[in-house]
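Biologist: I am new to reading protein models, and I would like a close look at a single part of this one. Please choose a part, walk me through it slowly, and then show me how it sits in the whole chain.

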Amino acid sequence: MKSGECAVGDIVERVDIQQSGVSRHLRILSEAGIVQMRPDGQRRLYSLRKEAFDQLEAWVEGYRRHWEARLDRFGAALEQNRASARPREKS
């Protein structure tokens, strides 16, 4: 599915889930805006929506920046704590 469109039957062949389960998952993913469906005669072809993954990446990036900044501050505090705990040399 990553490389383009797939019919439900193609997906069933690739995963260890029955057709009814694949259809249910695709319905949920479609409602969430993660996949889109295109009718092709009797078949329904599903593909991933790039926009959904762009939104996910932007959301994750916000948290990544937040946690990297916190971890940087934590690391600096640890280093400062280690430096102050070292025995001082006599002059």
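Modeller: Let's begin with a rule: two strands count as paired if DSSP finds at least two bridges between them. Please keep in mind that this is a predicted model. With that rule, β1 and β3 (residues 43-48) make an antiparallel pair with two bridges. Here Cys 6 stands opposite Tyr 46 of β3. In general, the strands of a sheet are held in pairs by backbone hydrogen bonds, and they can run parallel or antiparallel. In this model, three strands make an open, antiparallel sheet, ordered β1-β3-β2. Its edges are β1 (6-7) and β2 (35-40), each of which pairs on one side only.

Now for the part I have picked, the helix α2. Just before α2 comes a loop that links α1 (8-14) to α2 (19-31), and Gln 18 lies in that loop. Is Gln 18 buried or exposed? Gln 18 has a relative accessible area of 64%, and exposed means over 50%, so Gln 18 is exposed.

Next, the length of α2. At 1.5 Å a residue, its 13 residues should span 18 Å, and the C-alpha atoms at its two ends are indeed 18 Å apart, so the two values agree.

Which residues of α2 are buried? They are Gly 21, Val 22 and Leu 26. These three cover an arc of only 135° around the axis, so they lie on the same side of α2. Their cover includes α1, β2 and β3, and β2 and β3 belong to the sheet we began with. After α2 comes Gly 33, which has a positive phi, near 85°.

Let's step back to the whole chain. There are three helices and three strands, and along the sequence they follow the pattern β-α-α-β-β-α. The C-alpha atoms fill a box of roughly 90 × 25 × 20 Å along the principal axes. For a compact globule of 91 residues, the radius of gyration would be near 12 Å, but this chain has 25 Å. You can follow that spread from our loop residue: Gln 18 and Arg 73 are 55 residues apart in sequence, and their C-alpha atoms are 49 Å apart in space. Buried residues make up 14% of the 91 residues, and Gly 21, Val 22 and Leu 26 of α2 are buried residues. The chain exposes about 7,900 Å², with 52% of that area supplied by carbon and sulfur atoms.

Conventions: Residues are numbered from 1 along each chain as its sequence is written. This is a predicted model: local features need pLDDT of at least 70, side-chain atom pairs count only at pLDDT 80 or more; totals for chains, interfaces and linings use all residues. Side-chain values use heavy atoms; hydrogens and water are left out. Helices (H or I, at least four residues) and strands (E, at least two) are DSSP runs, numbered from the N terminus. Buried means under 20% relative accessible area, exposed over 50%, partly exposed in between (1.4 Å probe, protein chains only). The expected span of a helix is 1.5 Å times one less than its number of residues. The arc is that of the directions from the helix axis to the C-beta atoms. Contact means heavy atoms within 4.5 Å. The radius of gyration is taken over C-alpha atoms; the globule rule is 2.2 Å times the number of residues to the power 0.38. Accessible areas come from the Shrake-Rupley method with a 1.4 Å probe; for residues, only the protein chains shown count as cover.
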